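Please keep the sequence and the model side by side while reading, and find each named part before going on to the next sentence. The walk begins with a sheet, moves on to the helices around it, and ends with a few particular points in the backbone.

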Amino acid sequence: MVVELFLDLLSQPCRALFIFAKKNNIPFEFKHVELIKGQHLSEEFGKVNVLKKVPALKDGTFTLAESIAILLYLSRKFNTPDHWYPSDLRKRARVDEYLSWQHTAIREKGCRIFFTKVLMPLAVGQPFSPDKLEEAVKEMNFTLVQFEEKFLQDKPFIVGSEISLADLVAIVELMQPVASGCDIFADRPKLAAWRSRVEEAVGKELFQEAHKQVLNAKSLGSMQLSSELKEHLKQILKP
């Protein structure tokens, strides 16, 4: 039975799952849940994931939420190459270390930039605040220093010589500020070189396929959000 993945490629974790599944030839059915239309808030989608968030997985009668849990489930179910989630105790611990850290670091800071510059204007109908954006970028810059010094160091990838789930989860998050017009790779040669290696490892064509929609995020400005989604975003974006 083909696994069903409920995704919207505007979402960073959804892109990680899409790339991982495609790269590893995992048979899946792409179920598009359009975030911009608030489809994730619907009663119908709530039957798949009561949390009403993407991504979500359905494998027969089994359903699963949360991107990291889904990535690990797929890696085990389909026995993907060891480098993604190494069997070596210490290498696996390094992957786990990054995945545990990133939620309140790179993911949080990158989301804040995207929310401030792209989603906030859509939700409230007003231009973004330059002061809030400057603050968000400053926080992201500090986090990027931590990423380079603690996790990347002088290695080709986070765990060593091969790509892992840690690199995949990291790159999709770092592309979110880029999509909002903040080139966080500029003037960071180590980070830029790592990005190139990750793109090469997953395949440039696949990488571009996954990011095509979000890199055109400026077009979202012409879209109309549902009133339910606007209220939802306002609650999320409250200071």
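Two strands are said to pair when DSSP finds at least two bridges between them. With that in mind, and remembering throughout that this is a predicted model, we can look at strand 1, residues 3-7, which pairs with strand 3 in the antiparallel sense over three bridges. One place to see this pairing is at E4, whose bridge partner in strand 3 is K58. Strand 1 also pairs with strand 2, but here the two strands run parallel and are joined by five bridges; in this pairing V3 stands opposite F28 of strand 2. As general background, the strands of a sheet pair through backbone hydrogen bonds, and they may do so in a parallel or an antiparallel way.

On the other side of the pairing story, strand 3 and strand 4 run antiparallel and are joined by four bridges. Among the partners to look for are L57, which is bridged to L64 in strand 4, and D59, whose bridge partner in strand 4 is F62. Strand 3 and strand 4 form a hairpin with two residues between them, and in its turn G60 has a positive phi of about 70 degrees.

Putting these pairings together, the reader can trace an open sheet of four strands in the order 2-1-3-4, with mixed pairing. Its edge strands are strand 2, residues 28-32, and strand 4, each of which pairs on one side only. Neighbouring strands of this sheet are turned against each other by 20 degrees on average, when direction is ignored.

How many of the five residues of strand 1 are buried? Five of the five are, so strand 1 is largely enclosed by the rest of the structure. In a regular strand, the side chains alternate between the two faces of the sheet. In strand 1, both faces are covered, since V3, L5 and L7 on one side and E4 and F6 on the other are all buried.

Next come the helices that lie across this sheet. Helix 1, residues 12-23, lies across strand 1 and strand 2, and runs at about 150 degrees to strand 1. Helix 3, in turn, lies across strand 1, strand 3 and strand 4, and runs at about 130 degrees to strand 4. The buried residues of helix 3 are S67, I68, I70, L71, L72, L74 and S75, and what they pack against includes strands as well as helices, namely strand 1, helix 1, strand 3, strand 4, helix 4 and helix 7.

Two of those packing partners, helix 4 and helix 7, also pack against each other. Helix 4, residues 89-101, packs with helix 7 at an angle of about 25 degrees, and their axes are 8 Å apart. Because angles under 35 degrees count as roughly parallel, helix 4 is described as roughly parallel to helix 7. Helix 4 passes helix 7 in a left-handed crossing. Where they touch, V95, Y98 and L99 in helix 4 meet L165, A166, V169 and A170 in helix 7. Sorted by class, this contact has seven nonpolar residues, with no polar and no charged ones.

Finally, several points in the backbone deserve a careful look. A cis peptide bond, with omega of about 5 degrees, joins V54 and P55, and P55 is found in the loop between helix 2, residues 43-46, and strand 3. Further along, E66 has a positive phi near 75 degrees although it is not a glycine. E66 lies in the loop between strand 4 and helix 3, and is partly exposed, with a relative accessible area of 39%. After helix 3 comes N79, whose phi is also positive, near 50 degrees.

Where should one look for Q153? Its place is in the loop between helix 6, residues 130-152, and helix 7, residues 165-179. The phi of Q153 is near 55 degrees, which is again a positive value in a residue other than glycine, and Q153 is partly exposed, with a relative accessible area of 37%.

Terms used: Residues numbered from 1 in each chain as written. Predicted model: local features only at pLDDT ≥ 70, side-chain atom pairs only at ≥ 80, totals over all residues. Heavy atoms only, no water. Buried < 20%, exposed > 50% of the residue type's maximum accessible area, 1.4 Å probe, protein only. Axes fitted to C-alpha atoms, helices over the stretch in contact; angles between N-to-C directions. Parallel < 35°, antiparallel > 145°, perpendicular 65-115°, else oblique. Left-handed = near helix turned anticlockwise from the far one by under 90°. Contact = heavy atoms within 4.5 Å. Nonpolar A, V, L, I, M, F, W, Y, C, P; charged D, E, K, R; others polar.
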